[in-house]
Amino acid sequence: MAGIHFEDFAPGQVIESPPLAVSREEIVAFAREFDAQPFHVDEAAAKRSFVGTLIASGWHTAGLGMRLLQAHVFRGATSMGSPGINELGWVKPVLPGDAIRIVVRVEDCRRSGSRPDRGFVRFSMQVLNQRDETVMLQGFTVIFAQRGAEPLPPRAVALAEPRPVEEPEDAEILPFLRDAEIGATRALGPHVFTADAITAFARAHDPQAFHLDAEAARQTHFGGLCASGWHTAAVWMKRTIATRARDARFTAERGPVPMLGPSPGFRDLRWLAPVYAGDTLSYAATLTEKRASESRPGWGLATMRSTARNQHGTEVFAFTGTVFWQWAP
């Protein structure tokens with residue numbers, strides 16, 4: 001973790017990155033892998049959608065924000081990870097050809113009371129496009145080593161052998177939001193995190209040592225190669241899309257299928273435990289709130305608490321998100 005330390009930050013400090021161009025090809029490639037909704041993968045379909053034009057997945061924007069954060073705030077070095085995101089808002093869409101940059105403000109610095117080798121830095125981040133429009137806002141905390149402190153030993157980790165999983169075949173009726181039951185939980189199925197997939201995602205979006213190199217990862221406090229938190233989140237979206245597609249086919253045989261729109265953001269995202277190479281996560285989402293939209297007639301806003309558990313039953317990931325959902329036929 002040489003190169004960046006807790007002491008390198010002070011409240012009030014502002015760090016800005018140069019712009020990063022976002023191509024149509026990148027937008028579509030990310031979406032095909034993790035978020036294959038029509039308005040992310042095809043211009044013609046996007047014109048007929050809630051959005052009206054091809055836009056980047058919000059999870060893609062978050063991943064690009066992480067790439068800029070690592071390069072220009074972490075200065076290309078490795079942090080000690082993040083416990084999570086307090087709040088994230090997707091304010092405006094990122095379009096093909098946009099160039100985005102980040103403006104990051106240090107809000108608070110706090111030394112750990114229980115682990116003397118580290119401290120917590122709380123940031124706020126604004127992502128802007130070339131028109132100086134805000135496209136994403138984010139508040140989050142990152143852990144950094146304290147300079148000169150004796151690091152705690154790496155945790156002992158026994159990596160699981162990755163085992164293939166089968167795509168679920170279950171299907172449920174997709175209700176319009178008006179008729180959706182508060183408290184209903186939908187299992188989203190499993191996903192295996194392989195070492196190759198972890199490093200591929202990290203190279204593109206989160207190139208920190210414990211995501212990129214197995215030997216380097218063993219020397220960190222994580223004790224083994226682990227997935228970027230944004231990879232864990234992107235796979236939640238992948239599982240949501242796969243499950244919804246199966247449910248939509250089942251529903252279409254029986255009646256109209258409600259449409260889903262984009263998400264305005266989420267809160268309280270927590271990376272509760274590392275996701276190691278070989279781990280299998282099982283995802284689920286529970287509807288916790290719903291309301292008709294005042295700004296979009298015929299649509300509503302659904303609030304869901306989403307989680308993931310590893311093969312040991314340990315909850316490793318959770319967040320509360322909102323999404324536009326067609327209110328009634």
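The following conversation goes through some features of a predicted model.

Mentor: Because this is a predicted model, local features need pLDDT of at least 70 and side-chain atom pairs count only at pLDDT 80 or more, while totals for chains, interfaces and linings use all residues. Residues are numbered from 1 along each chain as its sequence is written, and side-chain values use heavy atoms, with hydrogens and water left out.

Trainee: On which side of helix α1 are Glu25 and Arg32 exposed, relative to its buried residues?

Mentor: Helices (H or I, at least four residues) and strands (E, at least two) are DSSP runs, numbered from the N terminus, and buried means under 20% relative accessible area, exposed over 50%, and partly exposed in between, with a 1.4 Å probe and protein chains only. In α1, which spans residues 24-34, the buried residues are Ile27, Val28, Phe30, Ala31 and Phe34. These residues cover an arc of only 165° around the axis, the arc being that of the directions from the helix axis to the C-beta atoms, and therefore they sit on the same side of α1. Glu25 and Arg32 are exposed on the other side.

Trainee: Which helix gives the most to the largest nonpolar core?

Mentor: A nonpolar core is a set of buried Ala, Val, Leu, Ile, Met, Phe, Trp, Tyr and Cys residues joined through side-chain atoms within 4.5 Å. The largest one has 73 residues, and those with the most contacts inside it are Trp59, Phe123, Trp230 and Phe317. With seven residues, the helix that gives the most to this core is α8.

Trainee: Is arginine 244 buried or exposed?

Mentor: Arginine 244 is found in helix α8, residues 229-252, and, leaving aside its neighbours within four places in sequence, it is in contact (heavy atoms within 4.5 Å) with Leu174, Val257, Pro258, Met259 and Leu260. Because its relative accessible area is 18%, arginine 244 counts as buried.

Trainee: What is the relative accessible area of glutamine 208?

Mentor: Glutamine 208 is found in the loop between α5 (195-205) and α6 (209-212). Leaving aside neighbours within four places in sequence, its contacts are Met66, Gln70, Phe74, Ala77, Thr78 and Ser79. Glutamine 208 is buried, with a relative accessible area of 3%.

Trainee: What is the phi of aspartate 268?

Mentor: Most residues other than glycine have a negative phi. Aspartate 268 lies in strand β8, residues 265-271, and is partly exposed, with a relative accessible area of 34%. Although aspartate 268 is not a glycine, its phi is positive, at about 55°.
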